[in-house]
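I opened my notebook to look a few things up, one spot at a time. Here is the structure I was working from.

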Amino acid sequence: MSAIQIPLSASMEITRRASELNRQGKEVFTLSIGDTHFSPPAPVREKMNHLPQAYSHYTSGDGIPELRKLVADHYGNYEAAQVIVVPGLKQGLFYLMTVIEAQRVLVLEPAWLGYETIISICGKTPVSVNMKKSDWKEQIANTHFDIVLVCNPNNPDGRLFSEEELEFIRRQAEKQNAWIISDEIYDRYIYSGDTPSMQSIDNYSKLVRCAGLSKSHAMTGFRIGFLLSRDTILMRNLSAINQNTATCTPAISQYLALEFENSLPEVQTFRDYYAENLKETLKIFPEWEAFKPQGGFYFFVDLSIYGISDAEKFSSELLENAFVAIVPGSAYGKGFDSWVRISISLDREKLTKALLLLKSFINQYKP
Ligand code: PLP
């Protein structure tokens with residue numbers, strides 16, 4: 001028997017090639033990864049200097065009670081028992097795809113490349129709808145699914161779902177008795193001033209809210225994710241799978257995560273910085289106004305506006321010749337071969353340099 005083939009993450013692969021070029025002494029601009037350039041907020045950094053020894057042991061599998069309570073209160077209408085702390089949301093999504101007995105998982109594309117891989121590894125079937133098509137509602141209404149993944153704001157295109165759109169998705173899920181998995185990992189990066197209204201779905205019994213500190217608190221390496229659900233059977237099963245695979249989320253990370261709320265004012269400054277990056281990007285590429293994200297920290301751009309149809313070829317040539325790493329759109333779903341994802345979560349000076357390099361590369365590019 002041979003091992004199963006698990007596809008490598010496209011963005012990781014590009015980042016690997018970018019690091020290789022870096023090692024060869026090239027100055028590479030990495031606009032391909034989903035990480036912030038900030039250090040964790042001061043309350044977290046301060047606490048890191050005074051870590052008690054007690055946090056070198058296992059914790060309760062579901063997470064330390066103070067943290068679960070903090071998260072439950074923060075999201076409102078939840079109790080501590082309805083929160084489980086997981087070692088990163090990616091792992092949390094694996095748990096969900098493992099314990100929910102269902103086959104067809106609806107992915108709203110363009111979608112984070114992790115979804116399809118996780119769904120497939122867990123033996124489920126991804127079914128997709130192209131959200132860039134004007135008939136996406138009709139497509140959803142005509143698709144059979146048991147779970148729908150809603151990323152809000154969405155990676156890669158920064159789409160923020162309106163209350164009316166969420167209400168529509170909820171009605172469709174209800175009709176099919178399907179689960180809604182609401183991925184809110186980018187919820188601190190919203191540029192319109194609004195927070196997504198969860199009112200229309202938050203009382204849905206088969207809802208799982210997913211969050212974490214990776215993006216908001218610049219803590220990707222600490223591996224802190226949260227799953228919130230009012231379904232007691234689901235929570236029991238999530239608890240069992242977490243206990244049997246990870247035992248618990250690293251104790252030190254959980255302890256630092258207790259600074260979650262104290263850090264929010266600094267988290268707001270991260271958002272403001274990227275809001276400024278967004279404006280700077282539009283100064284260099286005014287034609288990207290049509291692709292302006294409402295949230296997250298990426299631009300998802302259709303290069304066909306420049307007559308470029310093969311974004312994979314373009315991205316690879318851009319990296320090899322101009323040393324700028326971006327991710328081709330094919331990683332985010334079917335029908336996005338001419339699109340690319342460009343991360344703006346960088347130091348502004350670096351970002352500006354990289355965007356100017358990209359601009360001159362596009363100007364001289366002959367497809
Ligand atoms: N969900 C989305 C949409 C993401 O972009 C990511 C990471 O890139 C994750 C979930 C996983 O986050 P983590 O495992 O770092 O908590």
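What follows are my entries, in the order I made them.

**Entry 1: before starting.** I noted that this is a predicted model, so everything below is computed from predicted coordinates.

**Entry 2: the ligand.** I started here and asked which residues come nearest to the ligand. There are 13 residues around the ligand, and L89, D183, S214, K215 and R223 come nearest. Next I looked up polar contacts. A polar backbone atom of K90 is 2.9 Å from an oxygen atom of the ligand. For N155, the atom I found is a polar side-chain atom, and it lies 2.9 Å from a ligand oxygen. Y186 also puts a polar side-chain atom by a ligand oxygen, with 3.0 Å between the two. I then looked up how much of the ligand is covered: on its own the ligand has 400 Å² of accessible area, and the protein covers 92% of that. Last item here: the space that the ligand takes up is the largest pocket.

**Entry 3: L93.** I picked a residue in helix α4, which runs over residues 89-99. Is L93 buried or exposed? L93 has a relative accessible area of 2%, so I wrote it down as buried, the cut-off being under 20%. Then I listed its contacts, skipping neighbours within four places in sequence: W112, Y115, I118, L149, I181, D183 and C210. D183 I had already met, as one of the residues that come nearest to the ligand. I also checked the spacing to Y115. L93 and Y115 are 22 residues apart in sequence, and their C-alpha atoms are 8.2 Å apart in space.

**Entry 4: T249.** I went to the loop between α9 (232-245) and α10 (251-257), where T249 has its place. Its relative accessibility is 1%, and therefore T249 counts as buried. What does T249 touch, leaving aside neighbours within four places in sequence? The answer is T59, V85, V86, P87, R223, I224 and Q254. R223 is another name I knew from the list of residues that come nearest to the ligand. I found a polar contact too: the side chain of T249 reaches the backbone oxygen of V85 at 3.1 Å. For a sense of distance along the chain, I compared T249 with I84. They are 165 residues apart in sequence, while their C-alpha atoms are 9.7 Å apart in space.

**Entry 5: two charged-letter residues, K47 and R170.** I looked up K47 in helix α2, residues 42-48. K47 has a relative accessible area of 15%, and because that is under 20% it is buried. Setting aside residues up to four places away in sequence, K47 touches Y255, L256, L258 and E259. Then I turned to R170, which is found in helix α7, residues 163-175. R170 is buried, with a relative accessible area of 15%. With the sequence neighbours up to four places away left out, R170 touches I180, S200, I201, N203 and Y204.

**Entry 6: G123.** This one is in the loop between α5 (113-121) and β4 (125-130). At 48% relative accessibility, G123 counts as partly exposed, because over 50% would be needed for exposed. I looked up its separation from T15 as well. The two are 108 residues apart along the chain, and 28 Å separates their C-alpha atoms.

**Entry 7: backbone oddities.** I reminded myself of the background: most residues other than glycine have a negative phi, and most peptide bonds are trans. Where are the cis bonds I noted? One runs from E109 to P110, with omega near 10 degrees. P110 lies in the loop between β3 (104-109) and α5. Another joins N155 and P156, where omega is about 25 degrees. P156 lies in the loop between β5 (147-151) and α7, and N155 is the residue from Entry 2 with a side-chain atom 2.9 Å from a ligand oxygen.

Then I turned to phi. N77 is not a glycine, yet its phi is positive, about 60 degrees. N77 lies in the loop between α3 (65-75) and β2 (83-86) and counts as exposed, at 65% relative accessibility. F323, also a residue other than glycine, has a positive phi near 60 degrees. F323 lies in the loop between α12 (311-322) and β10 (324-325).

Note on methods
Residues numbered from 1 in each chain as written. Predicted model: local features only at pLDDT ≥ 70, side-chain atom pairs only at ≥ 80, totals over all residues. Heavy atoms only, no water. Helix = DSSP H or I, 4+ residues; strand = E, 2+ residues; numbered from the N terminus. Buried < 20%, exposed > 50% of the residue type's maximum accessible area, 1.4 Å probe, protein only. Contact = heavy atoms within 4.5 Å. Near = heavy atom within 4 Å. Polar contact = N/O pair within 3.5 Å; in protein donor to acceptor, adjacent residues only side chain to side chain. Areas by Shrake-Rupley, 256 points an atom, 1.4 Å probe, with all protein chains shown as cover. 1 Å grid on protein atoms, 1.4 Å probe; cavity = no way out; pocket = protein on both sides within 12 Å on 5 of 7 lines; lining within 4 Å. Sits in = over half its atoms within 2 Å of the grid points.
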